[in-house]
Amino acid sequence: MPRRNRYQIGGEEEKERVSRSQKKRDSSALQDVGERLAKIPAVKRACLPLPEDLREALEEYDRLSGHEARRRQLQFIGRLMREAREEGTLQAVLDALAVLE
């Protein structure tokens with residue numbers, strides 16, 4: 001009889017497990033939201049309830065000119081947004097962003 005993988009057993013482990021692909025899709029979606037935030041003019045962005053580190057990362061994105069540097073900065077912004085989601089502060093940002101658009 002073949003051995004069962006720990007994810008094939010069932011139960012609580014299987015319900016809590018998030019696939020790697022889903023994590024990548026979530027990360028990409030937050031990075032897209034970060035890109036939308038970066039495209040908003042700095043004057044309007046100042047009105048948003050952004051965490052300080054996210055605000056600084058967006059300001060740094062505005063200063064960068066190289067394509068690769070901007071791409072890496074967007075990845076960093078996406079990571080900061082994931083952290084904000086875990087802290088519970090991301091929803092306020094998304095609500096304010098919806099009002100601006």
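Which element of the protein chain has the lowest mean pLDDT, and which the highest? Helix 1, residues 12-16, has the lowest, at 59. Helix 4, residues 52-63, has the highest, at 94. The model is predicted. For the protein chain, the mean pLDDT is 83. A value of 70 or more is reached by 84% of the residues.

The secondary structure consists of 6 helices and 0 strands. From the N terminus, the order of elements is α-α-α-α-α-α. The protein chain has 101 residues, of which 26% count as buried. Among contacts with a separation of 6 or more, 52% link residues 24 or more positions apart.

Helix 4 packs against helix 5, which spans residues 67-87. The two axes come within 10 Å and cross at roughly 170 degrees. Helix 4 is therefore roughly antiparallel to helix 5, since the angle is over 145 degrees. On the helix 4 side, the contact involves D53, L54, A57, L58, E60, Y61 and D62. On the helix 5 side, these residues meet R70, Q73, L74, F76, I77, L80 and M81. By class, this contact has 9 nonpolar, 1 polar and 4 charged residues.

Q73 belongs to this contact. Its place is in helix 5. Is Q73 buried or exposed? The relative accessible area of Q73 is 12%. Q73 is therefore buried, the cut-off being under 20%. Beyond its neighbours within four places in sequence, Q73 is in contact with A57, E60, Y61 and L64. Of these partners, A57, E60 and Y61 are listed in helix 4.

Helix 2, residues 20-39, also packs against helix 4. Their axes are 10 Å apart, and the angle is about 65 degrees. Helix 2 is thus roughly perpendicular to helix 4. The crossing is right-handed. G34, L37 and A38 of helix 2 make the contact with L58, Y61 and D62 of helix 4. By class, the residues are 4 nonpolar, 1 polar and 1 charged. L58, Y61 and D62 also take part in the contact of helix 4 with helix 5.

Helix 2 meets helix 5 as well. How are helix 2 and helix 5 oriented to each other? Their axes come within 8 Å and cross at roughly 110 degrees. The two helices are therefore roughly perpendicular, because angles of 65 to 115 degrees count as such. Helix 2 contributes D26, S27, L30, Q31, V33, G34, E35 and L37. Helix 5 contributes R71, L74, Q75, I77, G78, M81, R82 and R85. The contact has 6 nonpolar, 5 polar and 5 charged residues by class. G34 and L37 of helix 2 appear here and in the contact with helix 4. L74, I77 and M81 of helix 5 likewise appear here and in the contact with helix 4.

G78 lies in helix 5. The relative accessible area of G78 is 0%, so G78 is buried. Residues up to four places away in sequence aside, G78 touches L30 and Q31. Both partners are among the helix 2 residues that meet helix 5. G78 and E35 are 43 residues apart in sequence. Their C-alpha atoms are 8.7 Å apart in space.

Helix 6 covers residues 90-100 and holds V93. With a relative accessible area of 1%, V93 is buried. Which residues are in contact with V93, leaving aside its neighbours within four places in sequence? The partners are L37, P49, L50 and P51. L37 is also one of the helix 2 residues that meet helix 5. The C-alpha atoms of V93 and M81 are separated by 9.6 Å. Along the chain, V93 and M81 are 12 residues apart.

P51 lies in the loop between helix 3, residues 42-45, and helix 4. Not counting residues up to four places away in sequence, P51 touches A84, T89 and V93. P51 and T89 are 38 residues apart along the chain. Their C-alpha atoms are separated by 7.7 Å. The contact with V93 links this loop residue to helix 6.

Technical notes: Residues are numbered from 1 along each chain as its sequence is written. This is a predicted model: local features need pLDDT of at least 70, side-chain atom pairs count only at pLDDT 80 or more; totals for chains, interfaces and linings use all residues. Side-chain values use heavy atoms; hydrogens and water are left out. Helices (H or I, at least four residues) and strands (E, at least two) are DSSP runs, numbered from the N terminus. Buried means under 20% relative accessible area, exposed over 50%, partly exposed in between (1.4 Å probe, protein chains only). Contact means heavy atoms within 4.5 Å. pLDDT is the predictor's confidence in each residue, from 0 to 100. Axes are lines fitted to C-alpha atoms, for helices over the stretch in contact, and angles run from 0 to 180 degrees between N-to-C directions. Angles under 35 degrees count as roughly parallel, over 145 as roughly antiparallel, 65 to 115 as roughly perpendicular and the rest as oblique. Ala, Val, Leu, Ile, Met, Phe, Trp, Tyr, Cys and Pro count as nonpolar, Asp, Glu, Lys and Arg as charged, and the others, Gly among them, as polar. A crossing is left-handed if the near helix is turned anticlockwise from the far one by less than a right angle, and right-handed if clockwise.
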